[in-house]
Amino acid sequence: MPAVKAPTSLRRLFDEIGTVDQVGIEERVAKFTTRSLKKKSKVFGLRLAVSMVDLTTLEGKDTPGKVASLCQKALRPHDIGDIPPTAAVCVYPAMVKHAKKHVGGTSVKIASVATAFPSGQAPLKTRLAEVHAAVNDGADEIDMVINRGAFLSGEFGRMQDEIAAVVEACGQSTLKVILEVSELETYDHIRAASFLAMRVIRPGDFIKTSTGKTSSNATLGNNQVMLEAIRDHFLATGVPIAMKPAGGIRTAKQALHFLIAVKETLGDDWLNNGRYRFGASALLNDLVRQLEKERTGAYQAPWNFSEATEGY
Amino acid sequence: MPKTTSKTNPARELVFGDLWEYDPAPETADPKLKQRYDLFINGAFVAPKKGSYFATINPANETKIADIALADAADVNSACIAAQKAFVSVWGKMPGKERGKYLYRIARLLQDHAREFAIAETLDGGKAIKESRDFDIPMAAAHFFYHAGWADKLEHLAPGRKVAPHGVVGQVIPWNFPLLMLAWKIAPALAAGNCVVLKPAETTSITALKFGEICQEAGLPNGVVNIVSGAAETGAAVISHPLTTKVAFTGSTEVGKSIMRSLAGTDKKMTLELGGKAANIVFDDAPLDQAVEGIVNGIFFNQGHVCCAGSRLLVQESVADEVLAKLKRRIAVLRVGDPMDKNTDLGAINSREQLAKITDLAKSGVTEGAEKYDTGCKLPAKGFFFRPTIFTNVSMSHRIAREEIFGPVLSILTFRTPEEALEKANNTPYGLSAGVWTDKGSRILKMSAQLKAGVVWANTYNKFDPTSPFGGFKESGFGREGGKQGLLDYLSVV
């Protein structure tokens, strides 16, 4: 890792990266929701979204059996048709070895949250040990949480050093850095945290909106702030960073709006699951429902698609 | 293994290609148009006395939509007499509370017929359907709702004094927001107790005449609203008619000046809303992505057919390159084409004449030494279209920095200090609007106090609301529309 000198104040960082106007950016993203996708372009978008899903279960009651059925769902989202597999399954570290049995060697990656997810409030040593354990068990991707306490108290150096330590612990595994945007609250904070994270991660690593465990999660607004940060970072350094909104994206329509934002902000190079993911569980079934509607011309009976992720 | 699987792009440019193209998404509902539109006089559609009609075409494909009645001075005379009669016998003495009910009814009917009106507007004028659907028609209804609320509260406009309507008001409106400009004119006039003779623009008469149908449906007393379609002579007849005691005109400065000359010596009241060459001023501390969004809204909204369009971008020299790069990237994803497609951002130019004017001014920009950039996007084979265009290296003496283009053409100038920005912004015969982009609140206040413009937007652009007065300084006209100030222009304070 190149030695990165952390800015000493948020104000100095904004002088460098610029600020975000809340009203303006929300106006911009409202325009994405007026795009109208028909026929082939709709099917393309829906299939693309399926291929970008990190199919997630993060519950206290997760069992090897539940993870097994989640993995099968990820590999084959629907019994008929040619719907592609999802990008990954996302589980707690204890479940990685169980997921490995089902998706190991397939195109579906194993992502594991680590670093005392979702709060991150554990000693760094403990967090790193968790990352090591997940990687050793076979996690292809690690979803870490940033130290929001460090960010909000202005200890940017500490926040970045911790991310850098996790990068090292990841070894060959891809890293996704969760900013937990609802706890950062303002768009300015989200932009600042995005830059701080991007400066210490590798090309192809992700920044991610949320844990899905707080009141508000991914929105088009904070997705846009992060996409624009990725764009500015890429244009300045040539380093492409990937993006993962997570939590709260439940419908196919929402997912398409997020993808339109990607298409019109970062362009074609980000329209693949190496550069963009959805952290979601219920979303997959709505995508499948809409694809089946496009394929057959009619909505299928509701019992064909379980509303609850328990049904996967 | 991110390090090996992801390639860094040495060119460091984003690719806005065709990996995921949007399929056509045309709006297909029936706008319920007639083959032939007569004049709306005294509550009925009547043929013009001389029996002349002119064709109105769809600027997106140059096909004829309908025949529109051409009103001459005799037709205008009938309309004015009908209006005068309605004013004396019904409308002028009706309690405000009752007048308000009609206005509310018109507003609700516009909402009921919103889709039909949006499609008609796009068909006849060429603007993108998403704009007529999401802006023009809802905003037109909003103006009727707002003024309906004023109808029984007029005495609060001038506390301690009495107000009275003028009588018959002659109104001439432009083609850029046909129904919305009608609403801006008719709603306050009716709320104040006036009766109206309105002439829509020659190229966009359909929604105005459809509005006649709304008046019928609302049961508005005969003669309160009269719509006389036609060309410049029709407008002149409306304005010079002895019964019109107040005239309101929105359009070009050139025509506005000739109206002023023709009314000199009469005691007619007058409000004019004319051209503009607004400065959109971006300081180095502005949130640049949102400023770019505002620049795009400012100049490419409605194909730039906006009198308050932010057609001169003044950007602080230290961020000029960055703003330009962001702007180019942003306009790369603007979609130009069939206005009826829901994904179209820029529709058709309103008429062949306007396209010729825009083309001519853009040419002058090149010959006078400015640097032209456009997206090079594909344009439809038929119809009137113009690519989003930006000019850099523009100086204050260029025609494109001085004349109103009324099209999707942006002239970019730079400045170094706030004083220089003010000087350049105010160095124009116009003064309709301006925009200021900065993170510094005090600078917004200082600039807005010193900019000679009727509207100054801060960290946004092209925002409209019925409660907010709109109007110009200098050659951009006088009088206000919207809000309390706009309503007062339709009353005499006694």
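Here follow questions and answers on the cavities and one helix of a predicted model.

Guide: Local features need pLDDT of at least 70, side-chain atom pairs count only at pLDDT 80 or more, and totals for chains, interfaces and linings use all residues. Residues are numbered from 1 along each chain, chains are lettered from A as written, and side-chain values use heavy atoms, without hydrogens and water.

Visitor: What makes a space a cavity, and how many cavities of 30 Å³ or more are there?
Guide: On a 1 Å grid over the protein atoms alone, a 1.4 Å probe must fit at the points but be unable to get out. By this rule there are seven cavities of 30 Å³ or more. The largest holds about 180 Å³.

Visitor: Which residues line the largest cavity closest to its centre?
Guide: Of 17 lining residues (an atom within 4 Å of a point), the closest to the centre are Arg28(A), Glu228(A), Arg231(A), Asp289(B) and Arg330(B). By class, nine are charged, four polar and four nonpolar. Asp, Glu, Lys and Arg count as charged; Ala, Val, Leu, Ile, Met, Phe, Trp, Tyr, Cys and Pro as nonpolar; the others, Gly among them, as polar.

Visitor: Which residues of helix α1 of chain A are called buried?
Guide: Buried means under 20% relative accessible area, exposed over 50%, with a 1.4 Å probe and protein chains only. Leu13(A), Phe14(A) and Ile17(A) are buried.

Visitor: Why do the buried residues of α1(A) line one face?
Guide: Seen down the helix axis, they fall within an arc of 100°, so they line one face. The arc is taken from the directions from the axis to the C-beta atoms. On the other side, Arg11(A), Arg12(A), Asp15(A) and Glu16(A) are exposed.

Conventions. 1 Å grid on protein atoms, 1.4 Å probe; cavity = no way out; pocket = protein on both sides within 12 Å on 5 of 7 lines; lining within 4 Å. Points joined across faces, edges and corners; volume = space filled by probe spheres on them. Helix = DSSP H or I, 4+ residues; strand = E, 2+ residues; numbered from the N terminus.
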